[in-house]
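Student: Hey, can you walk me through this structure? I'm new to it.
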Amino acid sequence: KKPEVRGKPWMVCLDDSYSLARQIKRKQCRVYSLGLGIDDKQIEMSLAKVGCEVHFFDPSIKQTHLQDSELRMWYHRLSVDWRDPNPAIPAHKQNSHTKKLGSILKNFGHRKIDVLKADMESAEWKILENLILENVIDDIGQL
């Protein structure tokens, strides 16, 4: 079954003056997709087909990490939040699969994200605020 496209389709800028076009030509582009119940994966699939490395973050998957063998797509059992959980707080222990985007970048050894897609039912605004406050926003090409 083909995923339903709600609203306008997602777009990225491929103008040569921006780095994404160059990164795609070099097969060095990286995409992070954050979402709650991601149904529409059209842009991620399109970018994976042209050689981008695509990472989905979904805390509901059973395995810690899955890789699509045909495309450069990884699924991670992680949820991105505006703060890292504090293990000393009992309520935070339940969110052990929740991390800040900056922490995930550091853990994965990634220095840059060319495209960040976030559709998290308004939670993306708090995450965006954290990206700005911690200067992680400079490591993201397009939102």
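**Starting at the disulfide**

Tutor: Sure. The link of Cys29 and Cys52 is left-handed, with -110 degrees about the S-S bond. A disulfide here is a pair of cysteine sulfur atoms within 2.5 Å, and by this rule the count comes to one disulfide.

Student: Before we go on, what kind of model is this?
Tutor: This is a predicted model, where local features need pLDDT of at least 70, side-chain atom pairs count only at pLDDT 80 or more, and totals for chains, interfaces and linings use all residues. Residues are numbered from 1 along each chain as its sequence is written, and side-chain values use heavy atoms, with hydrogens and water left out.

Student: Ok, which parts does that disulfide tie together?
Tutor: Cys29 lies in the loop between helix 1 (19-25) and strand 1 (30-35), and Cys52 in the loop between helix 2 (42-49) and strand 2 (53-57), so the pair ties together parts that are 23 residues apart in sequence. Helices (H or I, at least four residues) and strands (E, at least two) are DSSP runs, numbered from the N terminus.

Student: Are those two cysteines buried or exposed?
Tutor: Both Cys29 and Cys52 are buried. Buried means under 20% relative accessible area, exposed means over 50%, and partly exposed is in between (1.4 Å probe, protein chains only).

Student: And how much of the protein chain counts as buried?
Tutor: 37% of its 143 residues.

Student: New topic: how many helices and strands does the protein chain have?
Tutor: Five helices and eight strands. From the N terminus on, the elements run α-β-α-β-β-β-β-α-β-α-β-α-β.

Student: What do the strands form?
Tutor: Six strands form an open sheet with mixed pairing, in the order 3-4-2-1-7-8. Strand 3 (65-68) and strand 8 (140-142) are the edge strands, each pairing on one side only. Two strands pair if DSSP finds at least two bridges between them.

Student: How do strand 1 and strand 7 pair?
Tutor: In the parallel sense, over five bridges, with strand 7 covering residues 113-119. Tyr32 stands opposite Leu116 in strand 7.

Student: Where does helix 4 lie?
Tutor: Helix 4 lies across strand 1, strand 2, strand 3, strand 4 (73-76), strand 7 and strand 8. In helix 4 (residues 101-108), Leu101, Gly102, Ser103, Ile104 and Leu105 are buried. Gly109 follows helix 4 and has a positive phi, near 75 degrees.

Student: Switching again, how many salt bridges are there?
Tutor: A search of the whole structure finds five. A salt bridge is a side-chain nitrogen of Lys or Arg within 4 Å of a carboxyl oxygen of Asp or Glu.

Student: What does Arg72 form a salt bridge with?
Tutor: With Glu53, where the closest N and O atoms are 3.3 Å apart. Arg72 sits in the loop between strand 3 and strand 4, Glu53 in strand 2, 19 residues apart. Arg72 is partly exposed at 30% relative accessible area, while Glu53 counts as buried at 12%.

Student: What about Lys100 and Glu134?
Tutor: Their side chains meet in a salt bridge too (2.9 Å, N to O). Lys100 lies in strand 6 (residues 98-100) and Glu134 in the loop between helix 5 (124-133) and strand 8, so the pair ties together parts 34 residues apart in sequence.

Student: And where do Glu129 and Lys126 lie?
Tutor: Both lie in helix 5, three residues apart, about one turn of the helix. Their side chains meet in a salt bridge (3.3 Å, N to O).

Key. Contact = heavy atoms within 4.5 Å. Axes fitted to C-alpha atoms, helices over the stretch in contact; angles between N-to-C directions.
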